[in-house]
Structure formats: C-alpha cells, structure tokens
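These are my notebook entries from a first reading of this structure, kept in the order in which I looked things up.

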Amino acid sequence: MSWLSDVEDDGEYSEYDESSVRQRPNPKGNKPRTKTRPEHKDSQTGRVYAVDRGRFSVLTGEGTPEERTLTATKARELPRGSIVTGDFVDLVGDTTGDEGSLARIVSVQERSSLLRRSADDTDSVERIIVANADQMLIVVAAANPEPRPRLVDRYLVAAYDAGITPILCLTKTDLQDPEEFLANFAGLELRVVRSTSLDFPLDELRALLDHHTTVAVGHSGVGKSTLVNALVPEAKRATGRVNDVTGRGRHTSSSTVSYRLDSGWIVDTPGVRSFGLGHVDPDNILRSFGDLARIAEECPRGCTHLPDAPDCAINEAAERGELGAIGMLRLDSLQRLLTTLA
Ligand SMILES: Nc1nc2c(ncn2[C@@H]2O[C@H](COP(=O)(O)OP(=O)(O)OP(=O)(O)O)[C@@H](O)[C@H]2O)c(=O)[nH]1
Ligand SMILES: [Zn+2]
C-alpha cells in the first residue's frame, strides 16, 4: 500500500488525554461555564509553535522586549484536539516562562485558515494540521523519489480548500530536469521554485516566505528537512533518512513545528504522511479557478463540471473554443482535481 493510504492517527492526543493532565485546583474555576463567558482578565496572547503530548510551546510578546517562550497546558473546558500548531491563544496562570513554569490556555482565537486532512478519502472526520497558514510550500523531488503529479494534485486540493496559496518547490533538480513534470501544472497560477542542495535558492525562497506563515508539505525523502534546515539552521531537523523509521504510534519526534524566519514562519509537518480529502468541498476547488468559476455560474444546479456533465457551461465554452489555450489547460487541471475528489 502506498503511503497515501497509510492511515495514521493523531498520536499527539491519543496517548495523552484529559485524565492524565493534572490541573491545579483553581478556586475561581468552579463556576458553570457558558459559551459567552467573560474574557479572562490579565490573559496573555501567544502563538502555539509546537504541540507535544498535551504540552504546548507558545511564543508570547512576539516582536516586543517582553518576548518569551512558555510551556502551557490546555484548560479543561477546551475540547481535546482544539489547539493546534499555529493557533493564537489566550493564556493565564504562570506566564513568566521561567524554568518549570506552566501556563494554561483558556481560549483559542479565531483562525484565518485551517489546513485539514481526513484519515482517508471516505472519512469525513477531519484532523487539523496547522492553523493560520497563508501559504503552502509543496516540496517535490525532481527525482529520487520520482515525482507524482497526482500527489501534488492532492496537496493543491487541500490548499485551495483551505484558502491557502500553494507554491511548488522542486528539489534535487541536479538529478533531473523537472520541466516535463512541471508541464502537468502549466494551466495553474502556481509559483514554482527550483532547488538543489548544491546551490539553494535561499534569496528567492526567503523573499517568497517573508511576512507569511508557510506550511511545508512533502513525501518522505524529497529533501524537505534539508530545505528547512537551510532556511532555519537551528531547526537541526534529522536528515538523511529516506525511509520512515518512526513506527506507527510513536509520533512524538515527528510532530508539526513552526520555525521562525527573519520575518515570517515556516511550519514543518514531518508527521503528516496521509492526506485524505474526505472533508473537502468541491466548490472551494472551483473558487480557486476564478475565471472558470465565473462561467460556472451558468451551470445547472449540482453540476460536477466533469467532461461528462450535461449542459456544463464550462465544457460548452470549451467546445465553442472560448477558453483559449491556457483556459483549456486550466480546465484540464480543474477537472483532474475534481476527479481526485469524485
Ligand atoms: N542530489 C540531491 N540530494 C538532495 C537534495 N536535497 C536533499 N537531498 C538528499 O535527499 C535525502 C533526503 O533528504 P531529507 O531532507 O532528509 O528529506 P525529507 O524530505 O526531510 O525526508 P524525511 O526526513 O524522511 O521526512 C538526503 O540524503 C539529502 O541529502 C538535492 O537538492 N539534491
Ligand atoms: Zn459545470
């Protein structure tokens, strides 16, 4: 079975549930909670940059003289799994960040985006990979391992569904010219970066990542860690293993972590091996193809926009030759992505 169907549970939470998180007694915390409870006074805001077995690493006072990192637990009233890497949270308790101190996350702020996956395509239960990312760096090797367009399609679908701008990064271009592979994506408004570890395009990448929160995704062995290390040397991610040595159920060393760039953040997702799309709404894919979405307004209700869809306005425009060469490539990409979901 390919890694794509490798169903993996979220080890982050499964082995560390509420019962094992001992909360300190809180005399003020016994009031019944309502949905519109007042905001905690004196709470601090922070960014969750790593999650490990019920412990959250949080950066607070970002960019100010008070900037510091904290370790925090989740307040009991927040549901399990409700805080993910990239979240902005409100903290109370010991927010000094001193050795051994523990703060408590009492609420999660509204998210600007959510990158999700389901365990497989038939599973509508979603798991959140990262919150508040606005870009996705899709890392694919030009060779070793061989690039697979269908896999990139899956990442694109997830990005478009989440409203995150995809960027395609082709690594190992010293081994193979990627142009033939890239022809698969010719119709997309997709920024492409070509990279080799012999000569990293660091300036180009930094310019693209500046002022953004970018989630990096890619199949094991494509050189994603090598790339993240080059961008963030202190990341010190383990490199050199093409095979996954982390056994099922042991994901603590492979959790999603955000790294700070000069300006902006890159989120590495080593634990994400499967990318089920069971939760994705096809309308979100169409929305990412603005030109075709406008034509689709004339489609019959419930139109699939696939080649066999009766009276599909996009297909009819294509038949009348109104889409042009690029439009035809885009229609082909759209239909391929929609087929991924069908
Ligand atoms: N020839 C060549 N090899 C590369 C390049 N980038 C990375 N590699 C090699 O590819 C192998 C895998 O690189 P990693 O950075 O560990 O790949 P990864 O995607 O992080 O894989 P995991 O650690 O399994 O998640 C290593 O042996 C790297 O030295 C490149 O641009 N060219
Ligand atoms: Zn249609």
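Entry 1, contacts and overall make-up. I begin with a definition: two residues are in contact if their C-beta atoms, placed from the backbone, lie within 7 Å. I note at once that this is a predicted model. With that definition in hand, I looked up the contacts in the protein between residues at least 6 apart in sequence, and found that 67% of them join residues at least 24 apart. I then turned to the secondary structure, which comes to 9 helices and 13 strands. Of the 342 residues of the protein, I find that 35% count as buried.

Entry 2, the ligand. Which residues come nearest to ligand 1? Of the 20 residues around it, the nearest are S220, G223, K224, S225 and T226. I also asked which element gives the largest share of this shell, and it is helix α5 (residues 224–231), with 3 residues. When I sorted the shell around ligand 1 by character, I counted 12 polar, 4 charged and 4 nonpolar residues.

Entry 3, helix α9. I checked the length of helix α9 (residues 324–341) against what its residue count predicts: at 1.5 Å a residue, its 18 residues should span 26 Å, and because its end C-alpha atoms are 26 Å apart, the two agree. Which residues of α9 are buried? I find R330, L331, S333, L334 and L337. These buried residues cover an arc of only 165° around the axis, so they lie on the same side of α9. I add the general reason as a reminder to myself: an α-helix has 3.6 residues a turn, so residues three or four places apart point the same way. I then looked for what covers the buried residues of α9, and the elements that do so include α2 (149–162), α6 (282–287), α7 (290–296) and α8 (313–319).

Entry 4, a neighbour of α9. L188 is found in the loop between α3 and β10 (191–194). L188 counts as buried because 21 other C-beta atoms lie within 10 Å, where 20 or more are needed. Not counting residues up to four places away in sequence, L188 touches R330 and S333, two residues that are listed among the buried ones of α9. I also took the distance from L188 to L170, which are 18 residues apart along the chain, and their C-alpha atoms are separated by 16 Å.

Entry 5, the loop between α7 and α8. An unreviewed UniProt entry lists C299, C303, H305 and C312 under "binding site", and I looked up three of these positions in turn.

C303 lies in the loop between α7 and α8. Is C303 buried or exposed? With 17 other C-beta atoms within 10 Å, C303 is partly exposed. Leaving out residues up to four places away in sequence, C303 touches A296, A309 and C312.

C312 also has its place in the loop between α7 and α8. C312 counts as buried, because it has 21 C-beta neighbours inside 10 Å. Its contacts, apart from neighbours within four places in sequence, are with C299, C303 and H305, and these three residues appear beside C312 in the UniProt listing.

H305 lies in the loop between α7 and α8, and it is buried, with 22 other C-beta atoms within 10 Å. I marked its backbone as well, since H305 has a positive phi of about 65° although it is not a glycine.

E297 is found in the loop between α7 and α8 too, but E297 is exposed, with 7 other C-beta atoms within 10 Å. From C-alpha to C-alpha, E297 and G54 are 46 Å apart in space, and they are 243 residues apart in sequence.

Entry 6, backbone details elsewhere. K172, in the loop between β9 (165–171) and α3 (179–182), has a phi near 55°, a positive value in a residue other than glycine. K172 counts as buried, with 23 C-beta neighbours inside 10 Å. Finally, I looked at the peptide bond from N144 to P145, which is cis, with omega near 0°. P145 lies in the loop between β8 (135–141) and α2, and α2 is one of the helices that I had already noted as covering the buried residues of α9.

Conventions. Residues numbered from 1 in each chain as written. Chains lettered and ligands numbered in written order. Predicted model: local features only at pLDDT ≥ 70, side-chain atom pairs only at ≥ 80, totals over all residues. Near = placed C-beta within 6 Å. Helix = DSSP H or I, 4+ residues; strand = E, 2+ residues; numbered from the N terminus. Nonpolar A, V, L, I, M, F, W, Y, C, P; charged D, E, K, R; others polar. Buried ≥ 20, exposed ≤ 12 C-beta atoms within 10 Å, placed from the backbone. Expected span 1.5 Å × (residues − 1). Arc of directions from axis to C-beta. UniProt positions renumbered as here; feature names shortened; annotations may be inferred.
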